[in-house]
Amino acid sequence: MEDRYDFRAVEAKWQGRWEASGLYSRGHDPSRPKFYCLEMFPYPSGNLHMGHVRNYSIGDVVARFYTMNGYNVLHPMGWDAFGLPAENAAIQRGVHPADWTYANIATMRSQLKGLGMSYDWGREFATCDPEYYRWTQWLFLLLYRRGLAYRKKAPVNWCPSCTTVLANEQVIDGACWRCKSQVEKRDLEQWFFRITAYADRLLRDLELLGGWPEKVRVMQQNWIGRSEGVEITFPVEARREGITVFTTRADTVFGVTALVLAPEHPLVEELIAGRGDELAVQVRAFARRLADLGERERTEMEKEGVPTGAYAVNPLSGERVPIWVANYVLMEYGTGAVMVVPAHDQRDLEFARKYGLPVKVVVRPADASLPEGPAGDGLQEAFEDDGVLVNSGPYSGLSSAAAREQIARDVTARGIGRKAVNYRLRDWLISRQRYWGAPIPVVYCDACGIVPVPEERLPVLLPRQVDFTPTGGSPLARNEDFVRTDCPSCGRPARRETDTMDTFMCSSWYYFRFASPRCETAPFDRDEVAYWLPVDQYIGGVEHAVLHLLYSRFFTKVLYDAGLVPFVEPFTNLLTQGMVTLGGAAMSKSRGNIVSPDDIVRRYGADTARLFILFAAPPEKDLEWSDQGVEGCHRFLQRVWRLVTGIVRDFAAPVGGWGGAAGDGTAGTALRRALHRTIKKVGDDIRERFNFNTAISAVMELVNEAYRYRESVPRQEQDGALLRELAEKLTLLLAPFAPHLAEELWEMLGHRESVHLQAWPAYDPAALVAERITIVLQVDGKVRGRLEVEADAPRERLEEAALAHERVRAFTRGREIAQVVVVPGRLVNVVTR
Ligand code: ANZ
Ligand code: ZN
């Protein structure tokens, strides 16, 4: 038996054995409940970073813990392998994206194996495997068949440096989420998924997600952005067609002093058609200038507008209002037209002040009046709250809420409006002008139009040879062999779609695939999915709170509607882990504050790396890296090693095995109690709150107690059965956190079967309760009282309790105390001078 724990040899030994024995591969097991534990699969960038290690260490503890608690646990891993960096590597270094990607996967797979994660590697796949993307394409066709995939010309977010289209969600503060360049607008024919058709269900079903962090649900809710209001059509002078606006504040309709159209609104062209006057020229120039700007820039720039010279009529008040075009009205929201109510909307007020539009107060606080009077001349700030209507014809005197209802009813009855619901959520743009993605399985035929590639001809394979020079178009479009094909419907020459799919599409369904990763007849085997899914515990970064999680929820609902899965939400419980920081900032290459997982594993071993990461902070909180913390965890594991090997050496199992641990004597009882309290605490901390940090510190405390016992009780008096029990249960408690060390100790303790297949230790409730005994209290050798105490109460406690005892105080009053003699378990004698 070694005195020092040789983590290198032990970790390599067990990783080899686990792999050889298939310890973590799982199938159906009707005798146990299932548990699907999933960590967000990584993009194979080439190297694991600490954020990965944290994510996967958390998942691994959960998977191992549930296994030990009797669950049949599915714990798979794979690769989110399509995407831009591979293509950039091709452009910059001439490496083929496939070669680059698979080489990175090989590196990262071995890094993960080196960490001792309990993955069922037999289920591994990469989303760029043709066997996988074949089904991504199949799912595209499913959506197409269900009317959920469509093509339209649309202004798209264009990143000039990545030379690709970005989804709205990938534009952050007007910049590309990946390279941070300013995003531009372009008009392109694009494929979209009609996620908006599911807006209501995506919102409503958030209620089913009680196992998700509240903040993530709120983010999704805001992203979907449901808004209830009314559409009202204003007739336009000298035209048959009116302008329909969407408003959430129909109660302010008597305060309208202008209508404003988005610059792209189709009516703008019509209103100025054939006109050569100055206003028309201005409007044209204005619309053209704005066409290039992104949504975000527009909403953040100063409000700007131009009058069209045309007028509309307020259908409720009969007033004539000018029609303007302005930058702050978005074509993609509502109807692309708004009614301007300066008195009650701050944005409108700023616009009105700038251009001298009238301000008309029509709502007042219920309990006070706006001092400015109806004309609102001095109004500094719009009154945006609900109140009581004034200057509003037949609606005056009504509350805002009542007026909204009444006006909605009236416009509906008159056929000039209706109640309407709008969502901030946009349809999901999935076309990418890139090579390294799943080709969209569609053919364009002059005779037949858009023709989906028949299922039996999938996958539409990515050709290996393409020219990666960035030109702004799809590299596939320059590969004539790929492009030229026959129309699946009429057989005549046709052309393939050359865009590939957004990689978020690949990650929207991978968790289904893990249930039956080699299925060749469908994206997944329905029975396997019905058995393993939904995912019981999903773990990943909060940066995916909107995109990935929303798309995955959408896919699940579509699959449910198609009768392919029996549930509507894919992830029952979600844990979003915090960042790993160094010097208070997120570790990042550009900041140069990176700690390499490989270095840590090399120097201290995987168990130390995992233990530190789990010990240093609760999982949802940020974790500040600390070299001393790592050292400390390493020393702790060494301490555990010496403790357990020492016990094994001193207390070899007698013939017939050890009997139950009596825990005789005060010290033994205390140690046994500490052990069972720790078992209870570690289980509760993991199960109820994922408080790995407090669980680990409880185990550390237990190890300290064990050392105290070993050092203070003479060897012959030590309770061998108790120490064996302690060694075994301590090893079981550590198994999820330090799986290699635990496995080695378990073997040393004489077991044949893996520690990771053992039952989680149960605590003995009786052991938690301290036994109580009565001790005698003496003053100068005479019995003066009795005291009930915990059997193992330490000396200091007994002394303190004795001196505080009423009778002892009575007999020592006015005398100086010379000595207190404590005989634990029996008596306390207070000696006076
Ligand atoms: C008149 C009004 C008066 C409005 C008032 C607000 C306050 P949410 O809650 O986000 O749905 N709006 C409508 N369509 C728009 C567009 N395409 N671009 C920019 N703004 C638009 O907001 C709805 C409100 O945003 C609508 O209600 C409209 O202004 C504006 F005292 O109509 B409101
Ligand atoms: Zn055809």
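**Notes on the ligand sites and a few backbone oddities**

1. Start with ligand 1: one of its oxygen atoms is 2.5 Å from an N or O atom in the side chain of Ser-227. Thr-247 also offers a side-chain N or O atom, 2.7 Å from an oxygen of ligand 1. The backbone joins in at Thr-248, where a polar atom is 3.1 Å from a ligand oxygen. With the protein in place, 82% of the 640 Å² of accessible area that ligand 1 has on its own is covered (Shrake-Rupley method, 1.4 Å probe; for residues, only the protein chains shown count as cover).

2. Before going further, some housekeeping. This is a predicted model, where local features need pLDDT of at least 70 and side-chain atom pairs count only at pLDDT 80 or more, while totals for chains, interfaces and linings use all residues. Residues are numbered from 1 along each chain as its sequence is written, chains are lettered from A and ligands numbered from 1 in the order in which they are written, and side-chain values use heavy atoms, with hydrogens and water left out.

3. What else surrounds ligand 1? The shell has 16 residues, the closest being Ser-227, Thr-247, Leu-330, Tyr-333 and His-344 (a residue is near if one of its heavy atoms lies within 4 Å). By class, the shell splits into 8 nonpolar, 5 polar and 3 charged residues; here Ala, Val, Leu, Ile, Met, Phe, Trp, Tyr, Cys and Pro are nonpolar, Asp, Glu, Lys and Arg are charged, and the others, Gly among them, are polar. Two strands, β9 (243–247) and β13 (337–340), each supply at least two residues of this shell. Helices and strands are DSSP runs numbered from the N terminus (H or I, at least four residues; E, at least two).

4. Next, the zinc ion, ligand 2. Its donors are the SG atoms of Cys-445, Cys-448, Cys-487 and Cys-490, at 2.2 to 2.4 Å (donors are N, O and S atoms within 2.8 Å of the metal, or 3.2 Å for Na, K and Ca; water is not among the atoms, so sites may look incomplete). The arrangement is tetrahedral because the 4 donor atoms subtend angles of 105 to 114° around the zinc ion (for four donors, all angles must lie between 85 and 135 degrees).

5. The spacing of the zinc donors in sequence is C-x2-C-x38-C-x2-C. Distant parts of the chain get linked this way: Cys-448 sits in the loop between β19 (442–445) and β20 (449–452), and Cys-490, 42 residues apart from Cys-448, in the loop between β21 (484–486) and β22 (493–496). Cys-448 is partly exposed because its relative accessibility is 33%, and Cys-490 falls in that class at 31% (buried is under 20% relative accessible area, exposed over 50%, partly exposed in between; 1.4 Å probe, protein chains only).

6. Now for the backbone. Most residues other than glycine have a negative phi, and most peptide bonds are trans. Leu-458 and Pro-459 are joined by a cis peptide bond with omega about 0°; Pro-459 is in the loop between β20 and α13 (480–483). Another cis bond, again with omega about 0°, joins Leu-533 and Pro-534, and Pro-534 is in the loop between α16 (526–532) and β24 (537–541).

7. Positive phi turns up too. Ala-238 is not a glycine, yet its phi is about 65°. You'll find Ala-238 in the loop between β8 (226–234) and β9, and it counts as exposed because its relative accessible area is 87%. Asn-391 has a positive phi as well, near 50°. That residue is in the loop between β15 (388–389) and α12 (400–413); with a relative accessible area of 37%, Asn-391 is partly exposed.

8. How is Glu-744 placed: buried or exposed? Glu-744 belongs to helix α24 (residues 739–748) and is buried, with a relative accessible area of 11%. Its side chain makes a polar contact of 2.8 Å with that of Trp-14 (a pair of N or O atoms within 3.5 Å; within protein, one must be able to donate a hydrogen and the other to accept it, and residues adjacent in sequence count only if both atoms are side-chain atoms).

9. Last, the loop between β1 (34–39) and α2 (50–68), which holds Ser-45. Ser-45 is partly exposed at 39% relative accessibility. Leu-48 lies in the loop between β1 and α2 and is buried, at 4%. For distance checks, the C-alpha atoms of Ser-45 and Arg-426 are separated by 30 Å, with their positions 381 residues apart along the chain. The C-alpha atoms of Leu-48 and Asp-60, 12 residues apart, are separated by 16 Å.

Technical notes:
Tetrahedral: all angles 85-135°; square planar, octahedral: opposite > 155°, others 65-115°.
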